[in-house]
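Work through the exercises below with the model open. Try each task before reading its solution.

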Amino acid sequence: METTQASNRGFIWHAPFCSTQAPKPRFIGHITMEKLPSPSLEAENDCCVKLIEIMGPSLLAMKTTDVCETCYQSNLITELDRQNILAETTNNGPMAGARLLLHRIVLRPPGWFSDFLEVLNKTEHADLVAELTGTKPGQAADESPPESSSSDESTGLQEEPQEEERDGEGERKDPGEKEQREEKQEEVQEEVQKRGTLTTEGGDNINDVDLYSGGDMLEDPEKESSVAPDACVAPKVCLTLRPYQLTVAQPALQGANSIVCLPTGSGKTCVAVYVAKEHLDRRRQQGAPGKTVVIVNKVVLVEQHFMEFGKYLKEDYRLDQVSGDSPNRQAFANTLTGHDIIICTAQILLNALLDTEDGISLSDITLLVVDECHHTHKGDVYQQIMVHYLGHKMANMKRKKMGKDVTLLPQILGLTASPGVGKAKNREKAQKHIIKICANLDASVLMTAPLGEHSQDRQKKTIMAKRRTQDPFGDVIRHVMQSIQEHAQLKPSVETGTQRYEQWVVEEEKHAAKDGNQRRRACAEYLRQYNEALILSNTIRMCDAYRLLSSFYHQERRKKEGITQTDTDNFLFKLFDDSQRRLEDFSKQPEYENNVLSELRTVILKKFSGPDEEVRGIIFTETRLSAQALHSWVQENGKFADMEVRSSYLIGAGDQSAVKPMTASEQRDAIRKFNSGEVNLLIATTVAEEGLDIQKCNIVIRYCLVTSEIAMIQARGRGRADGSSYIVIGVEGSGVAERERLNEWKENLMQRAIQGVQQMEEATYKDKVMGDQLEALMEKKLRQRKSDERVRRILPPSAVKFRCRGCEVVACEGTDIEVIEDAHHVNLTEDFRSKFNINANSSYGDGEMTAHCEAEKYMSCKKCGEFWGPEMCHRLLECPCLSIRGFVVMQGDRRETLESWTDLPVQFPEFNYCAHASEFVGDETEDI
């Protein structure tokens with residue numbers, strides 16, 4: 001025994017000794033020991049792991065096949081490891097195989113390092129042994145290095161203390177020396193954490209370095225191989241953090257629920273990756289399963305976070321992504337079972353939690369990361385998930401009091417750059433808003449930290465263009481709108497050419513449709529289009545506004561072909577015909593263009609012709625129409641082409657707008673092109689304000705758009721490059737500058753409120769949090785009660801009828817409707833078919849379809865031409881599919897217009913395919 005102890009066998013001579021006393025298993029782990037390793041032994045093992053990471057580039061040059069076979073014979077890897085490593089070597093080369101071999105070896109229990117040194121010696125890698133031990137090539141491993149090589153200069157790991165605290169000669173060390181070494185180790189650990197950084201030595205951002213790529217693990221192997229051994233006592237995670245990141249991560253690393261609040265672009269996702277790896281590593285060491293779920297609020301962010309987490313964790317853990325357009329969205333439970341980390345949209349997780357048959361429970365998750373957690377407020381999907389969590393938390397408190405077992409709940413980590421202040425106008429109310437977010441996330445602490453030298457200095461500028469002195473184009477539109485308002489007897493209380501006017505006119509159209517006042521309803525529809533044109537004229541170009549109106553009238557005339565036109569139809573068509581020539585002429589006269597577009601043009605040209613080697617910018621605008629119009633403006637401007645400005649647009653995926661939405665795939669493609677530089681000017685609505693990580697974006701422009709302080713902070717943060725610019729452009733008197741200053745004040749209020757929450761006494765904070773949590777549960781209970789009442793009020797199909805929205809024709813009874821796959825409401829009765837025309841969608845497949853129809857064919861009312869929905873093909877049957885927006889729902893004397901079928905409390909029967917198919921086939925008896 002003494003001989004074995006005295007021999008220089010590395011850090012854990014127990015393992016080979018145990019192997020001589022019993023039949024050799026393929027894995028000798030902690031279970032073969034009589035006791036767990038001591039803390040000092042664990043620290044030494046950490047040092048070995050770090051040294052392998054540092055020496056990675058040199059070790060990748062090993063003879064992989066020989067080392068793999070010898071490691072297998074020495075019980076360093078399992079048979080499965082051996083097969084995987086040899087397969088990786090065959091498929092991707094010896095360096096890839098070596099990388100996998102190193103990843104498997106460092107997961108062994110303490111003691112693997114000395115065995116690995118022996119393997120390297122046996123396979124004729126004396127040079128690698130010399131680099132790892134700090135000895136000269138050919139020097140025996142059990143020889144002491146020359147006295148001139150101090151412990152600070154040598155990388156000789158045999159100099160490190162063993163469990164019996166013996167030196168390299170096998171002599172016992174002095175206890176005082178042991179204490180000095182431990183103090184030195186702690187000092188080095190603190191120093192490593194202080195200088196921890198997410199950048200390489202050259203200052204490049206870690207996001208640009210893929211530690212798991214096919215290249216070297218570090219950029220400069222020769223430089224890194226000379227690192228002092230004490231520096232190896234860093235955390236095992238390959239991703240190290242900057243000081244401020246390590247500060248905000250501490251509560252999460254200790255297992256507490258917390259919110260990390262850092263400015264945009266400061267590496268919140270890297271903190272989450274670090275915490276997730278530490279969490280999963282710890283669970284793995286404990287022999288307990290670990291499951292991390294990262295939820296985001298936009299589909300486009302799923303892939304971005306998947307790439308970010310995968311960059312650092314894909315070698316050690318199984319990752320997957322799930323969103324609404326993923327094929328595995330219906331099997332979330334299976335996906336979670338087969339993976340360690342899932343990145344998904346919040347709705348996917350909520351659906352899985354509510355699925356009582358094939359769903360999951362919160363106890364299946366051990367760490368839940370909530371991205372952009374400031375959205376955890378009343379009614380949001382995040383809030384619904386967390387209320388589910390809070391319900392279990394309160395139940396656990398009751399079980400504890402009764403001495404019963406509690407339900408395991410995941411650790412919560414929230415990420416945000418801007419919790420905001422809500423509607424608060426003072427610090428007290430702002431603190432209340434922030435505490436509510438903390439309560440919703442069950443956060444015990446809200447962490448912030450100064451960025452110090454890593455803070456970004458963004459240049460901010462506000463440009464207010466002078467108003468037009470003459471606006472003949474707008475004057476014509478306003479005159480037409482006035483005529484329509486008088487014809488329909490509408491009296492708006494808001495100014496035309498604003499979003500408030502659009503909101504007003506939308507409500508007027510709904511009321512008129514319910515009342516059956518077709519004159520007022522049609523006029524309201526036209527007023528909405530003229531208002532959109534006026535907004536475009538005021539912010540983009542007159543020609544864009546004219547094209548919008550021309551396109552709208554062209555569609556309306558096609559809709560009315562073969563249909564008797566009403567007096568209102570004739571009045572509206574004549575108004576446009578009388579003003580069309582003047583609108584077209586004015587739209588071609590540049591002297592009447594708005595000045596704000598000229599200011600935008602100047603800013604873009606100045607930036608792209610400046611000294612920056614590469615320019616990438618984002619323009620945020622208010623509507624989808626304006627985003628598309630700005631893109632057209634850039635494309636049609638020769639000056640921009642000369643400056644190599646390459647634009648694209650990014651808009652939302654919802655169908656609430658009259659503009660055809662982008663699919664998730666189209667959104668990802670636009671972002672990919674912007675990231676790669678294929679597009680260098682992205683014109684976006686607010687869909688791009690949050691979360692998008694575009695490192696080289698160096699100019700952000702808010703064009704005639706100011707909303708909340710959160711939106712301001714998020715949009716400003718899209719400029720990630722050093723020295724990036726944030727510019728607000730608007731029109732004098734529009735209120736843009738004033739609202740921007742108000743948002744700046746709110747941002748300052750938010751910072752003071754955060755400090756107030758952090759300085760709050762713990763007992764006071766906990767009391768306020770508990771009160772807000774109980775209130776959230778009460779709100780859930782009230783919503784559930786209302787939902788139950790609604791279910792009890794479920795109507796039979798016979799209780800409703802559907803009247804055309806555009807005229808008085810009763811299209812069908814509720815009893816005629818069937819539902820396909822709980823989504824598509826169809827009517828295959830002959831009576832219904834007699835009331836509509838089938839139209840070919842002339843714009844099908846050309847990308848210019850309206851939002852309400854992407855099908856090849858659609859239905860329209862025979863009497864008025866109103867859109868009733870698309871015609872879909874289901875198992876070779878042509879099925880008229882009703883859009884509820886095309887109808888007024890009648891229930892007795894009650895009339896209502898609805899946006900979604902889910903708003904209608906009627907349970908329609910499932911579609912009977914066999915019955916309809918049999919009727920279609922008929923009683924044919926001819927032989928086939």
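**Exercise 1. Classify K298 as buried, partly exposed or exposed, then place it.**

Step 1. K298 has a relative accessible area of 18%. Buried means under 20%, exposed over 50%, and partly exposed in between, with a 1.4 Å probe and protein chains only. K298 is therefore buried.

Step 2. Locate K298 in the chain: it sits in the loop that runs between β2 (292-296) and α14. Helices (H or I, at least four residues) and strands (E, at least two) are DSSP runs, numbered from the N terminus.

Step 3. List the partners of K298. Setting aside neighbours within four places in sequence, K298 contacts T345, V687 and E690. Contact means heavy atoms within 4.5 Å.

A note on the input. This is a predicted model, in which local features need pLDDT of at least 70 and side-chain atom pairs pLDDT 80 or more, while totals for chains, interfaces and linings use all residues. Residues are numbered from 1 along each chain as its sequence is written, and side-chain values use heavy atoms, leaving out hydrogens and water.

**Exercise 2. Describe how α14 packs on α27.**

Step 1. Take the geometry. Helix α14 (residues 299-313) and helix α27 (residues 664-676) pack at about 50°, and their axes are 9 Å apart. Axes are lines fitted to C-alpha atoms over the stretch in contact, and angles run from 0 to 180 degrees between N-to-C directions.

Step 2. Name the arrangement. The angle makes α14 oblique to α27. Under 35 degrees counts as roughly parallel, over 145 as roughly antiparallel, 65 to 115 as roughly perpendicular, and the rest as oblique.

Step 3. Find the residues. From α14 come V299, V300 and E303; from α27 come A664, Q667, R668 and I671. By class, that is four nonpolar, one polar and two charged residues. Ala, Val, Leu, Ile, Met, Phe, Trp, Tyr, Cys and Pro count as nonpolar, Asp, Glu, Lys and Arg as charged, and the others, Gly among them, as polar.

**Exercise 3. Repeat the analysis for α21 and α23.**

Step 1. Helix α21 (residues 518-539) and helix α23 (residues 567-587) pack at about 20°, with axes 10 Å apart. The two are therefore roughly parallel.

Step 2. α21 supplies R519, A522, C523, Y526 and Y530, and α23 supplies T568, L572, F573 and F576. The classes are seven nonpolar, one polar and one charged.

**Exercise 4. What share of the chain is buried?**

Step 1. Buried residues make up 51% of the 928 residues.

Step 2. Add the elements: the chain has 32 helices and 23 strands.
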